[in-house]
Amino acid sequence: SNLLNDPEEKAFIKIDCGKMTDGNELFGMSGAYQGSRNGSSLNNFIVSMAPKNDSDSRVGIVLLDEIEKAEKSVIHGLYQVIDKGEWTNKRLEEEGSQTEVVSCRNIIFIMTTNAADELINSFAIKHPEVYTDDMDELEETMDDLSLDVHKKLQNTFPFTKAFIGRVDSQTTFLCRRCAQLQKCL
């Protein structure tokens, strides 16, 4: 939470995948194209967060909001990061320079989706126990819901089995009832 709340740290970037029209917006233009020296907001963020030495312990967070709205080129481009923990910096600093591979193992990628909203809402209506204070009952019910969400996502772009297999964990959130929200306030 410190990373998100410290404007000086600049260790957080939010990417609205619903506004991406192609992978170049996210990854930057390749070397010979006009504008390649500018990079992209994500490219520039990852390069700025790359560890400077072995003792550099900075951590960055990339929030990919509404990942289900991303173009296929965006999803395929993310495979390099997910598989290898590396990013190809396409921003060329000077004429004739080459792209470089940058480590992004110190960056946490968080993806949000609304792809299973209908399933989650209908599950909550059928299973009012999701709003219980009994943690054992809640855990069992949430496990059932998570399995249902996982099955639904496997049939929804971009959540192919190959994509889901590359994701470390999945968290399902429920909408809260007014009484629960009042307790929080």
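**Note on the aromatic cluster and its surroundings**

1. The count comes to two aromatic pairs by the rule of ring centres within 6.5 Å. The model is a predicted one. Y79 and F163 make up a tilted pair, with 6.3 Å from centre to centre and 45° between the planes. Y79 belongs to helix 4 and F163 to helix 7, so this pair ties together parts 84 residues apart in sequence.

2. The other pair is F159 with F163. Their ring centres are 5.9 Å apart and the planes stand at 70°, so the pair is edge-to-face; planes over 60 degrees apart count that way. Together, Y79, F159 and F163 form one aromatic cluster.

3. Are the rings of this cluster on buried or exposed residues? Y79 counts as buried because its relative accessibility is 16%, and the cut-off is under 20%. F163 has 1% relative accessibility and therefore also counts as buried. F159 is buried too.

4. Y79 has a charged partner as well. The charged end of R166 sits over the Y79 ring, 4.0 Å from the ring centre.

5. Now helix 4 itself. Helix 4 covers residues 72-84, 13 in number. From first C-alpha to last, helix 4 reaches 19 Å, close to the 18 Å expected at 1.5 Å a residue. After helix 4 comes G85, with a positive phi near 70°.

6. Which residues of helix 4 are buried? They are V74, I75, L78, Y79 and V81. An α-helix has 3.6 residues a turn, so residues three or four places apart point the same way. The cover over the buried residues of helix 4 includes helix 2 (23-27), strand 2, strand 3 (86-89), strand 5 (107-111) and helix 7 (161-164).

7. Strand 2 spans residues 60-65 and runs parallel to strand 1, with five bridges joining the two. I15 has L64 of strand 2 as its bridge partner. Side chains of a regular strand alternate between the two faces of the sheet. Strand 1 (residues 12-16) shows the alternation: I13 and I15 point to one face and are buried. F12, K14 and D16 point to the other face and are not buried.

8. Last, the whole chain. The protein has eight helices and five strands. From the N terminus, the order of elements is α-β-α-α-β-α-β-β-β-α-α-α-α. Of its 185 residues, 34% count as buried. The protein exposes about 11900 Å², with carbon and sulfur atoms supplying 49% of that area. Among contacts between residues at least 6 apart in sequence, 68% join residues at least 24 apart.

Conventions
Residues numbered from 1 in each chain as written. Predicted model: local features only at pLDDT ≥ 70, side-chain atom pairs only at ≥ 80, totals over all residues. Heavy atoms only, no water. Buried < 20%, exposed > 50% of the residue type's maximum accessible area, 1.4 Å probe, protein only. Helix = DSSP H or I, 4+ residues; strand = E, 2+ residues; numbered from the N terminus. Pairing = 2+ DSSP bridges. Expected span 1.5 Å × (residues − 1). Contact = heavy atoms within 4.5 Å. Areas by Shrake-Rupley, 256 points an atom, 1.4 Å probe, with all protein chains shown as cover. Phe/Tyr/Trp six-rings, centres within 6.5 Å; stacked < 30°, edge-to-face > 60°. Lys NZ or Arg CZ within 6 Å of the ring centre and 35° of its normal.
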